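This report describes the two protein chains displayed below, taking overall dimensions before individual elements and residues.

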Amino acid sequence: MTVNIKQWPGTALATRDLEQGHVLTVKYKPRAEYAWDAGVAIARYLEELKAGRLIARSCKQCDRILIPPRMFCEECFRPTDSWVYVEDTGTVNTFSICHVRWDVVRLDQPQLPAVIHVDGASPGMGILHLLGEVAPEEVYIGMKVKAVWEEASRRQGSITDIRHWKPWKEE
Amino acid sequence: MSERMAIVGLGYADIRSCTPGISYKELMYEAATRAYDDAGINPRKQVDSFISVSEDFWEGTSIFDEYVPDQLGAALRPVHTVCGDGLQALSCAAMLIETGQAQIVAVEGHSKHSDMCTPHHIHQLAFDPIYHRPLGAHPQHLAGLEMARFLHESENTREHCGLVVQKNRRNALKNPRSVYGSDLSLQDILDAEPTFTPMGVLDAAQPADGAFVVVVAAERRAKALSTHPVWIRGYGWCTETPAVDSRSWGEAAYARLAAHQAYRMAKITAPARELDFAEVDDSFSYKELQHLEALDICPQGAAGAWLQAGITQTGGEFPVNVSGGSLGVGYFLEASGLMRLTEAVLQLRGQAGAVQLPAVRRGLVQSWRNLPTTTGCVVILERADGRE
């Protein structure tokens, strides 16, 4: 049916109609502000990042070392047992070459988010971060990497205290 | 109800004005651990389905339902979130059991209200962006409008509303599971800073943090699990129109219809006679009176007079909000219904401590999803040795 309609009735809406107020618009800027408690586990994790270390929690029932740390084991549903430092090296579990940033800006240098299995933590335990100092075409699953830390004076107890992870060869 | 079911586990944690240092996950884990221990079950093996209640804007994370499994023991298990009050989730649990999908269901609700820096601005986002937000009124102005119409239509007075505040905050003084216990004179309440006249600042419940978890089980499992199961005899829920221009401002129509559904299921025809007590929504003082009338517990327009005559006081013939309600215990966002449910279950188990009522057998719990909603739920509970 619609194929037969050559001229649609009505007037098309243009951007300028919105900008110049020819049609009703509502502008509203939400003030949704939060101050989340990081909690016992993540607060310590962030504090340790500031000190240039990665810390995990261990569960002695399933014998796993969990990172990022948590105060309870989701498998065993019991409190975790102790703090354990783990290495700042690991293995790429998966990665993606991102040509578009979160705000849809196209990137000349692709961003390389990766899930990194951290050495010293249990298999499957890792953190999502970014790869750097590597050409996109050289990244592969199973690649060994090492954290590149922000200068100590500039760390602020944030996941960005690690700038990125770079290729690394075990000595 | 085709399948009988009972509450067999109860857990709550960190009922405080704020809970610095712990995350919402740690808060939920603590309440869940207590509930599973109370029911004597291992959640990883024995809970068939998990339900959490949350609202993304309260949490500050969208698609928040994805963040709930780990701390409930629900990873790689059937789990879903209800964006509504805790009693709506309880109704979902009941339906899972009635349809045979599950025999044991865990229901969780929490408030980490203290994580919000701009709660009123966030609340404002619940208002229609085209018709109402541009007016720039504080979200609680709707309570002022509703209170004015309710008092206009009924025999209840401003003083009656003040007496609700006085009763509930005094009740909370005896309840260790509460935040806002206080001994105020009626004059203190009436003289308090006016906010949305006829409402004053003390007529509104204040927020609190906390987590609540209940475990519901089908009859055959409930009897084996618990020596004091509390049976769910009926449940109902209802939402009126969201239109603030045309909803019924004087009466709580949603509560009336939700109660009809629950009463029909529980075969209750004379609520005040067949029930022993109630925990009803009192997020604002007048709400307790409005809800009691909608629930047919007292005659229309008589809720204030009942309170004045002492009937709804702790020692009266039909105690209401012995726990302290939200005015005394606190307002827990979507977990508010589960707070009331927790208090009612403790009453029916005889575990309510200093606020324990003597010889209670059947109770009613009613929730409201707070402003700007017209959503309410009703649950009828009965003690194990009650009428079959």
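## Charge and overall form

The mean positions of the 33 positive and 46 negative charges of chain B are 6 Å apart. For chain A, which carries 22 positive and 23 negative side chains, the centres of the two sets lie 4 Å apart. These values, like those that follow, come from a predicted model.

Chain B contains 16 helices and eleven strands. Its radius of gyration is 19 Å, close to the 21 Å that the globule rule gives for 388 residues, so chain B is as compact as a globular protein of that length. Chain A has two helices and twelve strands. Both helices come at the start of the order, which runs α-α-β-β-β-β-β-β-β-β-β-β-β-β from the N terminus on. For chain A the radius of gyration is 24 Å, whereas a compact globule of 171 residues would have one near 16 Å.

The table sets out further values for each chain.

| Chain | Extent of the C-alpha atoms along the principal axes | Buried residues | Contacts between residues 24 or more positions apart, out of those with a separation of 6 or more | Exposed area |
|---|---|---|---|---|
| Chain A | roughly 70 × 45 × 40 Å | 35% of 171 residues | 51% | about 11,100 Å² |
| Chain B | about 55 × 45 × 35 Å | 63% of 388 residues | 77% | about 13,700 Å² |

Carbon and sulfur atoms supply 52% of the exposed area of chain A. For chain B, the share supplied by carbon and sulfur atoms is 52%.

## An enclosed helix in chain B

Helix α13 of chain B covers residues 285-294, and ten of its ten residues are buried, so this helix is largely enclosed by the rest of the structure. The buried set includes charged side chains by type, among them B:K287, B:E288 and B:E293. Also in the set are B:S285, B:Y286, B:L289, B:Q290, B:H291, B:L292 and B:A294.

Which elements cover the buried residues of α13(B)? Among them are the helices α7 (141-153), α8 (158-173), α11 (253-266), α14 (303-308) and α15 (325-328) of chain B. Strand β10 (362-368) of chain B is also included in this cover. After α13(B) comes B:D296, whose phi is positive, near 60 degrees.

## A buried serine in chain B

B:S49 lies in strand β2 of chain B, which comprises residues 49-53. The relative accessibility of B:S49 is 7%; because burial is assigned under 20%, this residue counts as buried. Apart from neighbours within four places in sequence, B:S49 is in contact with B:P78, B:L96, B:A102, B:I104, B:V105 and B:A106.

## Paired strands in chain A

Strand β9 of chain A spans residues 113-118 and has two unlike faces, one covered and one uncovered. A:A114, A:I116 and A:V118 make up the covered face, while A:P113, A:V115 and A:H117 form the uncovered one. In a regular strand the side chains alternate between the two faces of the sheet.

β9(A) pairs with strand β6 (residues 89-95) of chain A in the antiparallel sense over five bridges. In this pairing, A:V118 of β9(A) is the bridge partner of A:G90. Five bridges also join β9(A) to strand β10 (residues 126-130) of chain A, again in an antiparallel arrangement. Here A:V115 stands opposite A:L128 of β10(A). Thus A:V118, from the covered face, has a partner in A:G90, and A:V115, from the uncovered face, is set opposite A:L128.

## Two partly exposed positions in chain A

A:V84 belongs to strand β5 (residues 82-86) of chain A. How accessible is A:V84? With 22% relative accessibility, A:V84 counts as partly exposed. Not counting residues up to four places away in sequence, A:V84 touches A:L54, A:I55, A:A56, A:S58 and A:I65. The C-alpha atoms of A:V84 and A:L66 are 9.0 Å apart in space, and the two residues are 18 residues apart in sequence.

A:G52 sits in the loop between α2 (39-50) and β1 (54-59) of chain A. The relative accessibility of A:G52 is 23%, so this glycine counts as partly exposed. Leaving aside neighbours within four places in sequence, A:G52 is in contact with A:W149 and A:R155. A:G52 and A:A152 are 100 residues apart in sequence, yet 7.4 Å separates their C-alpha atoms.

Terms used. Residues numbered from 1 in each chain as written. Chains lettered and ligands numbered in written order. Predicted model: local features only at pLDDT ≥ 70, side-chain atom pairs only at ≥ 80, totals over all residues. Heavy atoms only, no water. Helix = DSSP H or I, 4+ residues; strand = E, 2+ residues; numbered from the N terminus. Buried < 20%, exposed > 50% of the residue type's maximum accessible area, 1.4 Å probe, protein only. Contact = heavy atoms within 4.5 Å. Pairing = 2+ DSSP bridges. Rg over C-alpha atoms; globule rule 2.2 N^0.38 Å. Areas by Shrake-Rupley, 256 points an atom, 1.4 Å probe, with all protein chains shown as cover. Charge placed at Lys NZ, Arg CZ, Asp CG, Glu CD.
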